Amino acid sequence: MANKTDQKQDAIFPTLESIYEAAERLRGVAVHTPLTENIVLSERYDANIFLKREDLQIVRSYKIRGAYNKMARLSAEELAKGVVCASAGNHAQGMAYACHKMKVKGTIFMPTTTPNQKIKQVKMFGKDDIEVMLVGDTYDDASNAAKQYCEEHNATYVHPFDDMDVITGQATVGLEIFKDSDVKIDYIILAIGGGGVSAGVSTVFKQLSPHTKIIGVEPAGAASMKASLEIGHVIELESIDKFVDGAAVKRVGEKTFNICKETLDNIIVVPEGKVCTTILELYNESAIVAEPAGALTIAALDFMKEEIKGKNVVCLVSGGNNDITRTEEIKERSLLYEGLKHYFIIRFPQRAGALKNFLNNVLGEEDDITLFEYQKKTNRESGPVLLGIELKHKEDYEPMLERMIEQNIVYQKLNEQPDLFSVLV
């Protein structure tokens with residue numbers, strides 16, 4: 001049976017009826033995740049902040065909803081030919097679980113840059129019913145390879161976001177939020193990668209709670225939906241920062257774009273460093289393990305703090321598939337964003353005691369040297385030094401620079417030179 005749809009300009013929306021049907025289809029497969037108030041965030045922003053905990057799904061993200069709903073609507077003939085998908089991790093896990101649940105052969109293409117934790121999880125959920133293929137550096141590379149494989153093997157492609165059955169499955173998140181909330185929801189904040197969950201949930205709220213403002217959030221290094229909305233049609237970004245891997249796509253979906261342009265009230269772009277700070281805060285303050293894409297919506301609160309005061313706000317925690325081996329990178333990005341870590345190339349005066357003078361008269365009592373490396377191993381007396389300094393307070397930075405000048409220390413700031421920074425640090 002074809003999906004029932006409503007027409008609005010050139011956007012096709014899943015109907016509430018089809019979303020309710022998807023919810024029934026997902027019973028016993030997807031967990032009805034909790035909607036809970038977070039006291040720490042509520043006090044910080046002087047608002048009522050509720051978290052929709054899709055990180056507590058069996059596959060630790062909402063992606064099981066769309067993947068299973070799509071596969072459950074395929075014919076026996078289509079399923080017999082096998083299913084294929086491309087994913088940076090979460091959609092892959094959802095489809096792997098669905099393949100094992102339905103005993104369908106699946107082939108899953110993932111970028112070579114996918115964290116090992118996600119690859120292992122995919123294999124664990126899919127067991128012997130799936131095969132993982134690592135191709136390319138981005139989701140888009142994996143997607144192209146997956147589509148070519150479908151043509152060669154006559155298999156069915158399960159798109160991670162630009163498919164009406166997938167969008168309808170993700171929309172069930174919105175039904176649960178609406179059902180579980182006992183207050184009027186003023187804002188709902190949704191992460192955007194390809195746009196599947198934002199398109200689905202916003203469709204629900206525009207019909208059931210039209211007063212609710214719907215805010216999309218993208219990482220600054222991969223803001224493909226915002227760029228497309230600004231120009232009026234879907235465009236492909238030339239390059240992206242892949243750090244927020246669950247939301248880093250060069251090109252959003254045509255279907256999701258057409259829905260989001262009608263339903264989203266605003267899109268906020270969040271720097272990757274702020275996302276890292278939020279990941280650490282969620283873990284330390286609320287014992288929540290969020291992946292970068294899962295922390296996006298909460299990171300956005302800082303950019304809305306005046307607007308949301310006294311309001312009821314729901315943030316979707318979209319996933320919790322974080323690789324512990326990325327912790328050092330997350331801490332580093334957070335410190336750089338917060339202005340607490342700085343890198344320099346320093347040319348110390350060519351005299352005895354120059355380094356001691358730096359330690360005694362430039363470095364503050366609470367400052368810490370995290371990196372000290374001579375750039376010329378054979379000429380340390382006159383060679384430059386790569387120096388990393390971690391501050392306790394960002395306000396200590398300017399006084400430290402003033403002390404360098406007072407001590408006649410020649411320095412070059414690397415934080416402000418991304419090309420040089422990426423080579424040396």
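## A walk through two sheets and their helices

An open sheet of 4 strands, with the order β7-β6-β5-β8 and parallel pairing, is a good place to begin. The edges of this sheet are β7 (130–134) and β8 (156–157); each has a single partner strand, so one side of each is left without a neighbour in the sheet. Please keep in mind as you read that this is a predicted model.

How many bridges join β5 to β8? Strand β5 (residues 83–86) and β8 run parallel and are joined by 2 bridges. If you would like to find this pairing on screen, look for Val 83, which stands opposite Thr 156 in β8. Helix α6 (residues 116–126) belongs in this part of the picture too: it lies across β6 (106–110) and β7, and runs at about 160° to β7.

**Pro 115, in a loop**

Between β6 and α6 there is a loop, and Pro 115 has its place there. Is Pro 115 buried or exposed? Its relative accessible area is 9%, and values under 20% count as buried, so Pro 115 is buried. Leaving aside neighbours within four places in sequence, Pro 115 is in contact with Asp 245, Asp 323 and Arg 326. Asn 321 is 206 residues away from Pro 115 along the chain, yet the C-alpha atoms of the two are separated by 9.2 Å.

**The sheet of 6 strands**

Now for another sheet. Here 6 strands form an open sheet with mixed pairing, in the order β3-β4-β12-β9-β10-β11. The edge strands are β3 (35–37) and β11 (266–270), each of which pairs on one side only. On average, and with direction ignored, neighbouring strands of this sheet are turned by 25° against each other.

Strand β12 (residues 312–317) deserves a longer stop. Mostly covered, it has 6 of its 6 residues buried. In a regular strand the side chains alternate between the two faces of the sheet. Which residues of β12 are buried on one side, and which on the other? Asn 312, Val 314 and Leu 316 are buried on one side, and Val 313, Cys 315 and Val 317 are buried on the other, so that both faces of the strand are covered.

The neighbours of β12 can be followed by their bridges. Strand β4 (residues 48–53) runs parallel to β12 and is joined to it by 6 bridges. Along this pairing, Ile 49 has Val 313 as its bridge partner in β12, and Arg 53 has Val 317. Strand β9 (residues 187–191) also pairs with β12 in the parallel sense, over 3 bridges. There, Ile 188 stands opposite Val 314 in β12.

A helix accompanies this sheet as well. Helix α13 (residues 292–299) lies across β4, β9, β10 (213–219), β11 and β12, and runs at about 165° to β12.

**Helices that meet helices**

Two helix pairs are set side by side below.

| Helix pair | Angle | Axis distance | Handedness of crossing |
|---|---|---|---|
| α3 (residues 63–72) and α8 (residues 164–180) | about 135° | 7 Å | right-handed |
| α9 (residues 196–208) and α11 (residues 254–263) | roughly 40° | within 9 Å | left-handed |

Take α3 and α8, which pack at an angle of about 135° with their axes 7 Å apart. That angle makes α3 oblique to α8. Lys 63, Arg 65, Gly 66, Asn 69 and Lys 70 are the residues of α3 in this contact, and among those they meet in α8 are Asp 165, Thr 168, Thr 172 and Glu 176. The residues of the contact of α3 with α8 divide into 2 nonpolar, 6 polar and 5 charged.

Next come α9 and α11, whose axes come within 9 Å and cross at roughly 40°. This makes α9 oblique to α11. From α9, the contact is made by Gly 196, Ser 198, Ala 199, Ser 202, Thr 203 and Lys 206, and from α11 by Thr 256, Ile 259, Cys 260 and Thr 263. By class, the contact of α9 with α11 has 3 nonpolar, 6 polar and 1 charged residues.

**A last helix**

Our tour ends at helix α14 (residues 327–337), where Ile 330, Glu 332, Ser 334 and Leu 335 are buried. What covers these buried residues of α14? The cover includes α12 (272–286), β13 (341–347) and β15 (385–390). Just after α14 comes Gly 339, which takes a positive phi of about 75°.

Key. Residues numbered from 1 in each chain as written. Predicted model: local features only at pLDDT ≥ 70, side-chain atom pairs only at ≥ 80, totals over all residues. Heavy atoms only, no water. Axes fitted to C-alpha atoms, helices over the stretch in contact; angles between N-to-C directions. Parallel < 35°, antiparallel > 145°, perpendicular 65-115°, else oblique. Left-handed = near helix turned anticlockwise from the far one by under 90°. Contact = heavy atoms within 4.5 Å. Nonpolar A, V, L, I, M, F, W, Y, C, P; charged D, E, K, R; others polar. Buried < 20%, exposed > 50% of the residue type's maximum accessible area, 1.4 Å probe, protein only. Pairing = 2+ DSSP bridges.
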